[in-house]
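Me: I should like a close look at the largest cavity in this structure. Which residues line the largest cavity, and which strands supply them?

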Amino acid sequence: MTAKKTDVLLIGGGIMSTTLATLIAELDSSRSMTIVEQSNQLGQESSDAWNNAGTGHAGYCELNYTPQTADGTVSVDRALGINERFEVSLQFWGSLARKGVLPSPQSFIRKVPHLSWVKGEAGRDFLATRQNAMIQNALFDGMEFSDDQNTLDRWLPLIARGRTGNEVMSATRVDHGSDVNFGALTRSFGSFLQAQPQVSMHLQTRVVSLRKQSDRWSVSVVHGVTGEVTEIDAGFVFIGAGGASLPLLQKAGVEEAKGYGGFPVSGIWLACQNEALALTHSAKVYSQAEVGAPPMSVPHLDTRHIDGKPALLFGPFAGFTTRFLKAGSILDLIRSVRPDNLSNLMHVAATQWPLTRYLIKEALSSRTDRLSHLDGFMPDADHSEWSLRQAGQRVQIIKTGANGKGALEFGTEVLSTADGSLAALLGASPGASTGVSAMLSVIERCLPELTQGHHRQILQSLIPSYGHSLKDDPQLLRNIRAFTHPTLGLMDPMSSSLSTLSENHADRNTERDQSRREPGRDHTGRRAGVA
């Protein structure tokens with residue numbers, strides 16, 4: 001058995017681990033890092049373009065982020081938080097593209113307008129109320145509402161075409177929405193990291209065990225090609241392995257993971273690779289989910305850009321599964337059951353039976369059934385152009401709720417140990433879109449020294465809003481978008497009347513900190529804490 005010592009060990013080669021590794025490399029190039037991934041390529045599971053919606057989740061179009069309360073008002077708090085965190089991602093990507101760390105932004109991000117579309121008078125009233133609530137904050141500047149048929153014909157040509165009668169429809173639109181190829185972005189991060197002398201990357205390598213020894217971690221890994229076992233001595237461990245994160249946490253035996261379980265959900269797309277049709281649509285259009293459907297199955301018709309080619313995706317259709325990864329085992333769910341999470345799992349199973357029944361029904365649906373859902377979006381869809389394509393697996397979080405009983409969570413959560421020696425990412429949407437914000441949270445909790453002194457100046461040069469809340473500072477938001485939107489191609493080249501953002505972000509933000517005498521805060525204005 002060979003032995004290896006590293007400052008930072010990252011388990012999983014997806015968007016989260018590579019984002020964290022790139023942040024650390026930018027902040028402190030002297031720290032040694034080791035990345036292990038069980039596939040033969042980075043970003044093959046949840047990060048791969050065909051395994052996710054590719055939506056740059058910013059709260060523009062996702063109706064499940066803005067629930068309507070009993071009194072008819074619409075809560076926009078979650079959408080504001082997600083939008084603010086996505087702006088953090090855009091700043092980081094834009095800064096790295098400007099520096100040449102990332103390739104041309106068109107290789108991983110494209111401008112695709114984000115629309116919400118509803119039918120019926122009740123839907124129209126909800127959407128109008130939602131838009132009115134959202135545009136009160138500068139984060140949602142530019143969101144338009146319309147129920148005018150001519151406008152909808154222009155915004156939604158494939159959806160409006162072929163309809164008869166006086167069907168009531170309405171939509172909101174944000175022009176600077178985005179389609180993100182997280183698989184391509186992951187591999188671009190990987191190319192940068194592989195060129196760094198302090199970074200070691202091991203593909204086709206699987207973690208066998210994790211053991212805490214004093215203040216460090218001893219992690220055994222086996223190399224799939226040679227069968228060689230390596231013992232890695234790591235000062236800090238990050239687990240960003242998608243659905244496999246929970247089993248790895250259980251291997252580590254950390255107290256903070258007690259009571260956690262997983263609810264795996266599969267997904268299927270209807271895909272159309274008619275490029276002309278995709279470009280005619282040129283939008284991500286989200287609508288309302290069926291009663292009982294999980295948030296990941298909110299129906300949407302999306303223009304995607306994958307491997308440089310436009311395509312249309314519709315769905316996703318959720319289904320029941322017992323695998324935690326696409327390449328996982330049907331025994332994953334059973335193997336994750338532990339005495340400490342059994343009662344939580346049983347409570348969720350008892351109280352979420354309608355959801356389970358819905359997922360089983362979806363899993364048993366035929367291609368014809370799924371095409372009938374597509375017809376609701378595209379009345380004149382040519383069924384021969386559409387084929388079924390397997391999406392990624394998602395493992396939703398089950399944990400002890402406020403009432404002391406098991407609760408099913410739909411979201412993304414960072415879990416870290418009390419001593420800060422290990423952190424893991426659990427859950428699903430908004431996931432990768434807010435990955436930079438999530439990984440900053442990991443650094444703030446577990447490697448706080450990288451947010452202080454000259455490291456903080458580097459952070460502020462990469463992410464100008466670091467330490468400030470964009471939803472409370474419209475001028476800072478305008479300045480930042482004047483940099484990110486043209487840099488990442490999220491605006492029409494001739495449409496900008498915005499001023500140019502100084503490249504010396506760190507100087508400007510350092511002055512803001514000193515003048516305000518603000519206490520240390522995390523990247524969203526929320527105080528950080530252990531999940």
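Reply: A strand is here a DSSP run of E with at least two residues, and strands are numbered from the N terminus. The model under discussion is predicted. Rolling a probe the size of a water molecule over the atoms shows where empty space is left.

The structure contains 2 cavities of 30 Å³ or more, and the largest cavity holds about 80 Å³ of space. Its lining consists of Gly242, Gly243, Leu246, Tyr260, Gly261, Gly262, Val395, Gln396, Ile397, Leu426 and Gly427.

Three strands each supply at least two residues of this lining: strand 12 (261-272), strand 17 (394-400) and strand 20 (422-427). Strand 17 gives the most, with 3 residues.

As to chemical character, the lining of the largest cavity divides into 5 nonpolar residues, 6 polar residues and no charged residues. Glycine is counted among the polar residues in this division, and the lining includes Gly242, Gly243, Gly261, Gly262 and Gly427.

The second largest cavity, with a volume of about 50 Å³, offers a useful point of reference. Ala58, Tyr60, Asn83, Phe86, Glu87, Leu90, His176, Ser178, His485 and Leu490 line the second largest cavity. Here the largest share of the lining, 4 residues, comes from helix 2 (residues 77-99). The lining of the second largest cavity comprises 5 nonpolar, 4 polar and 1 charged residue.

Technical notes: Residues numbered from 1 in each chain as written. Predicted model: local features only at pLDDT ≥ 70, side-chain atom pairs only at ≥ 80, totals over all residues. Heavy atoms only, no water. 1 Å grid on protein atoms, 1.4 Å probe; cavity = no way out; pocket = protein on both sides within 12 Å on 5 of 7 lines; lining within 4 Å. Points joined across faces, edges and corners; volume = space filled by probe spheres on them.
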